[in-house]
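The exercises below concern a single protein model and its bound ligands. Please keep the sequence and the 3D view open while working through each task and its solution.

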Amino acid sequence: MSSVSAYYNGKTVLITGATGFMGKVLVEKLLRSSPEVKAVYILVRPKAGQSMQERVANMLKCKVFDRVREDCPNFHEKIKPINAELTQPKLAISAEDEEELLTRVNVVFHCAATVRFDEPLKHALQLNVMGTQRLLELARQMRNLEAFIHISTAYANCVRKCIEEIIYPPPAEPQKLFDLVEWLDESIIQDITPKLLGEWPNTYTYTKALSEYLIQQEKGNLNIAIIRPSIVGASWLEPFPGWIDNFNGTSGIFIAAGKGILRTVIANNEAVADMIPVDVAINLTLAAGWYTAVHRPKNLLVYNCTTGGINPFFWGEMGQYVMSTFKRNPLEQAFRTPNAHMTSSYLINQYWITVSHKAPAILYDLYMRLTGRKPRMMKIINRLHKSMTLLQYFSTQSWNWSSDNMSMLMSHLNTVTCLPF
Ligand SMILES: CCCCCCCCCCCCCCCCCC(=O)SCCNC(=O)CCNC(=O)[C@H](O)C(C)(C)COP(=O)(O)OP(=O)(O)OC[C@H]1O[C@@H](n2cnc3c(N)ncnc32)[C@H](O)[C@@H]1OP(=O)(O)O
Ligand SMILES: NC(=O)C1=CN([C@@H]2O[C@H](COP(=O)(O)OP(=O)(O)OC[C@H]3O[C@@H](n4cnc5c(N)ncnc54)[C@H](OP(=O)(O)O)[C@@H]3O)[C@@H](O)[C@H]2O)C=CC1
């Protein structure tokens with residue numbers, strides 16, 4: 001057994017965002033590689049008419065837990081759900097639960113966030129920045145805390161071209177923004193959001209930049225590390241290859257291309273497609289937790305969890321791989337034969353949108369209406385266009401991330417690959 005998995009045995013861990021894409025992989029890996037972990041507390045909110053208990057029961061049925069279910073059939077007994085809402089004062093955790101966390105938790109992984117690019121600024125601030133502030137406040141009172149790991153994004157500082165593993169000055173003073181959104185009318189906040197964002201492309205990256213700064217300012221004596229993954233994609237190996245459960249980042253675009261719906265996309269062939277498989281990002285996160293707790297670095301360490309500097313892969317190559325994969329492995333019930341092209345020209349893209357997206361969608365919806373069924377293709381196309389408009393910023397540019405801390409961490413591991421510890 002490696003030092004990393006040995007470290008977590010006997011420890012009590014707290015995870016936020018455990019019901020999300022990365023959170024599920026984190027919970028699974030932790031329970032599978034460190035079966036003697038004492039307890040894994042997860043902060044969960046009731047949602048969509050489901051209680052916290054129902055949500056956790058449904059989550060544990062998810063395929064991603066099949067392997068740990070086989071290895072350790074009682075793994076669910078280690079999971080201790082806590083009712084919480086990160087946007088509420090004191091995270092809406094009951095006094096009894098809070099006391100339990102304060103006495104028991106050894107390591108915190110903070111994954112919860114809104115990752116929507118179009119999130120209203122007020123909500124993105126309340127969750128990504130104030131939520132982080134509240135969690136830090138709780139963590140500072142924890143009596144046995146050894147490490148606090150915050151998941152940020154490699155794009156938090158996307159207004160820079162070269163991104164070091166340091167915390168940059170924030171786009172604004174977080175406290176001033178908290179005060180502003182406190183008293184300003186929601187519609188006025190919406191109106192001034194572009195001005196506040198400045199060079200930042202969306203409220204997601206903006207609030208992630210703010211939360212990094214806030215952590216640096218308010219960390220006190222905590223042992224903290226920040227992980228900045230780039231575009232997190234499907235798993236490479238663990239718990240099995242190819243697992244993903246959302247349409248974020250590139251996955252929605254790939255599926256739309258595979259279904260033959262997406263025919264044109266704005267991207268720069270020569271720009272780096274900085275993707276990282278979710279299991280690699282989670283392995284780094286767990287290893288960083290171990291390193292932070294055991295080696296207690298003097299300063300807060302930032303890990304750029306990126307691939308472009310080590311093994312660059314370009315959007316042009318990505319497009320070819322995606323198309324050839326779908327040609328070899330066609331998806332069920334495709335709308336048309338997959339045939340997507342990339343262009344960096346706005347006009348050419350608009351032309352193909354009209355000819356290859358809108359015209360077939362109108363004809364298809366007409367056919368649906370005539371046969372007494374509900375039209376749906378134009379709705380899908382409009383959603384796709386909205387998503388492509390928001391993602392374009394990332395598919396047309398390259399960034400250089402330094403990854404010295406990631407390399408340093410890798411040098412401490414048993415193997416030079418990212419295989420299970
Ligand atoms: C030839 C190949 C070409 C290759 C080149 C491609 C280039 C692409 C470049 C991509 C770069 C990505 C960079 C990302 C960088 C940031 C990474 C991070 O830090 S952090 C993480 C990054 N964060 C992000 O990536 C967030 C980005 N996404 C967003 O912000 C929002 O999704 C939105 C604003 C784009 C759309 O909002 P809205 O219109 O409100 O729509 P909702 O989302 O609410 O979904 C509604 C429903 O539709 C469903 N569905 C969705 N897609 C598909 C699909 N393809 N099919 C079927 N269904 C789909 C969806 O499941 C849902 O179903 P249900 O639950 O209702 O049942
Ligand atoms: N996916 C990616 O490409 C990348 C992600 N990241 C970062 O990784 C982290 C995880 O992302 P990912 O797993 O993709 O995101 P998901 O959207 O899949 O998960 C978000 C998690 O946050 C929880 N959450 C949201 N709002 C609240 C709230 N008000 N109170 C409590 N919990 C809440 C969600 O819970 P619920 O189920 O209740 O909604 C969910 O568990 C984020 O910090 C993100 O910024 C960084 C780089 C890339």
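**Exercise 1: the surroundings of ligand 1**

α14 gives the most to the shell around ligand 1, with seven residues. Starting from this helix, describe which residues and elements surround ligand 1, and explain why ligand 1 lies between the two domains.

*Solution.* Before the steps, the conventions: this is a predicted model, in which local features need a pLDDT of at least 70 and side-chain atom pairs count only at pLDDT 80 or more, while totals for chains, interfaces and linings use all residues. Residues are numbered from 1 along each chain as its sequence is written, chains are lettered from A and ligands numbered from 1 in the order in which they are written, and side-chain values use heavy atoms, with hydrogens and water left out.

Step 1. The shell of ligand 1 holds 27 residues, the closest being R116, F117, T153, G249 and R383, where a residue is near if one of its heavy atoms lies within 4 Å of the molecule. At least two shell residues come from each of α10 (251-258), α12 (315-328) and α14 (377-395), the helices being DSSP runs (H or I, at least four residues; strands are E, at least two), numbered from the N terminus.

Step 2. Three of these closest residues form polar contacts, that is, pairs of N or O atoms within 3.5 Å. Oxygen atoms of ligand 1 lie 2.7 Å from an N or O atom in the side chain of T153, 2.6 Å from a polar backbone atom of G249 and 2.9 Å from a polar side-chain atom of R383. Of the 1400 Å² of accessible area that ligand 1 has on its own, the protein covers 73% (Shrake-Rupley method, 1.4 Å probe).

Step 3. Because domain 1 (3-230 + 274-310 + 403-411) and domain 2 (238-271 + 314-397) both give residues to the shell, ligand 1 lies between them; the bounds come from an automatic or database domain assignment. The C-alpha centres of domain 1 and domain 2 are 31 Å apart, and 25 residues of domain 1 are in contact with 16 residues of domain 2, contact meaning heavy atoms within 4.5 Å.

**Exercise 2: the surroundings of ligand 2**

Which residues come nearest to ligand 2, and how much of the accessible area of ligand 2 does the protein cover?

*Solution.* Step 1. Around ligand 2 there are 25 residues, of which T19, R45, R55, E85 and Y204 come nearest. Both α2 (21-33) and α9 (203-218) supply at least two residues of this shell.

Step 2. The side chain of E85 places a polar atom 2.6 Å from a nitrogen atom of ligand 2, whereas the side chain of Y204 has an N or O atom 2.6 Å from an oxygen atom of ligand 2. From the backbone, an N or O atom of F21 lies 2.9 Å from an oxygen atom of ligand 2. The protein covers 90% of the 890 Å² of accessible area that ligand 2 has on its own.

**Exercise 3: confidence and backbone geometry**

Over which residues is the pLDDT below 50, and where does a cis peptide bond occur?

*Solution.* Step 1. The protein chain averages a pLDDT of 95, and 98% of the residues score at least 70, on a scale of predictor confidence in each residue from 0 to 100. Over residues 416-421 the pLDDT is below 50, and this stretch has 16 contacts in the model beyond near neighbours in sequence. Where pLDDT is low, predicted coordinates should not be read in detail. For the complex, the predictor gives an ipTM of 0.93 and a pTM of 0.95.

Step 2. E238 and P239 are joined by a cis peptide bond, with omega about -5 degrees, and P239 lies in the loop between β8 (231-233) and α10. L91, in the loop between β3 (79-83) and α5 (95-104), has a positive phi near 60 degrees, although L91 is not a glycine.

Key:
A polar contact is a pair of N or O atoms within 3.5 Å; within protein, one must be able to donate a hydrogen and the other to accept it, and residues adjacent in sequence count only if both atoms are side-chain atoms.
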